[in-house]
Amino acid sequence: MITKTNAIVLRVAPYSRTSHVVTWLTESAGRVSTVVKGAVRPKSSFLGQYDLGYTCELLFYERARNGLHVAKECSPLEMRSGLRSDWQAFVAASYICDLVLGVALPTHDGQESTYALLGEALDALCERRLEPAVLLNWFELRLLHVLGYAPHLERCVSCGADLAQQKAGFDAAHGGSFCLNCLPQPVARQVVAVGPDTQSVLRRWSSAPSPELLRNMVLNQKQLLALRAVTGTMLAYCLERRPESRDVAVATLGWKQGEM
Ligand SMILES: [Zn+2]
């Protein structure tokens, strides 16, 4: 059976001397891996048709057995060439593609929002609408929302107290913040201290469906660090792994507080 769908390239890996395995997040079939036979042969029709972060129109033969399908045709719809002339944006794009590779499922259900979010983040990086480090923060928060792991920030997860005006401790293991009266003692290593100002930033960022809305928002260093720590511990808890690409992004972009 042949499937036709739009798809974003998450990873390109060698498969044999002349072939690639390309992993995609598709618009209609979830995460899909395809063999691209003869991909690197000089006369291959696939040459230049796909690369990390491209959105392509993809036709592939579905192979039920080992989950590895066979690419039939592919043509780029959006090459995002800006990513290739801006190494910081490229590092950030590599990280978000790798992150999605780790969380996307090989099924269509619930993946449409991830597909739209990834495309929007890659466009924003390509056009440098925001600093890459800031965009990564936004992307991580939105991805958690899309995956159903939105951190609970407004009320204490134990007693329900409103946290808008008080200090709190965010604990990824509980998926949200505790007021200081309820925070379990001794305080666990992964708990991040968040003040009312940071809480409010987190709430606004969590509900910003587009990175455009963050453009005029000024954050101080303390808020940025808390934000990164909250998403970092939350992702580590949900993914149960530490993507190396996040370390690379942290080191390259001066994106401190790699608590993960
Ligand atoms: Zn409480």
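Domain bounds, as used here, come from an automatic or database domain assignment. For this predicted model, that assignment divides the chain into domain 1, residues 2-129, and domain 2, residues 133-252. Taken over C-alpha atoms, the centres of the two domains are separated by 29 Å.

The contact between the domains draws 18 residues from domain 1 and 18 residues from domain 2. On the side of domain 1 that touches domain 2, helix 1 and helix 2 each supply at least two residues. Helix 1 gives the largest share of that side, with ten residues. By character, the residues of this side of domain 1 comprise ten nonpolar, five polar and three charged.

Helix 2 merits a closer description. The helix covers residues 112-126, and its length can be checked against a simple expectation: because each residue should contribute 1.5 Å, the 15 residues should span 21 Å, and the end C-alpha atoms are indeed 21 Å apart, in agreement. The buried residues of helix 2 are T114, Y115, L118, A121, L122, A124, L125 and C126. Their packing partners are strand 1 (2-14), strand 2 (20-26), helix 1 (87-103) and helix 3 (132-146). After helix 2 comes R128, which has a positive phi near 55°.

Attention now turns to strand 5, residues 68-78, where E73 is located. Is E73 buried, exposed or partly exposed? A residue counts as buried with 20 or more other C-beta atoms within 10 Å of its own, and as exposed with 12 or fewer. E73 is partly exposed because it has 14 C-beta neighbours inside 10 Å. Twelve residues in sequence separate E73 from Y61, and their C-alpha atoms lie 9.8 Å apart in space.

The last feature is a hairpin built from strand 6 and strand 7. Strand 6 occupies residues 168-171 and strand 7 residues 176-179; the two pair in the antiparallel sense over four bridges. Within this pairing, F170 stands opposite S177 of strand 7. Four residues lie between the strands of the hairpin, and G175 adopts a positive phi near 70°.

Methods: Residues numbered from 1 in each chain as written. Predicted model: local features only at pLDDT ≥ 70, side-chain atom pairs only at ≥ 80, totals over all residues. Expected span 1.5 Å × (residues − 1). Contact = placed C-beta atoms within 7 Å. Nonpolar A, V, L, I, M, F, W, Y, C, P; charged D, E, K, R; others polar. Pairing = 2+ DSSP bridges.
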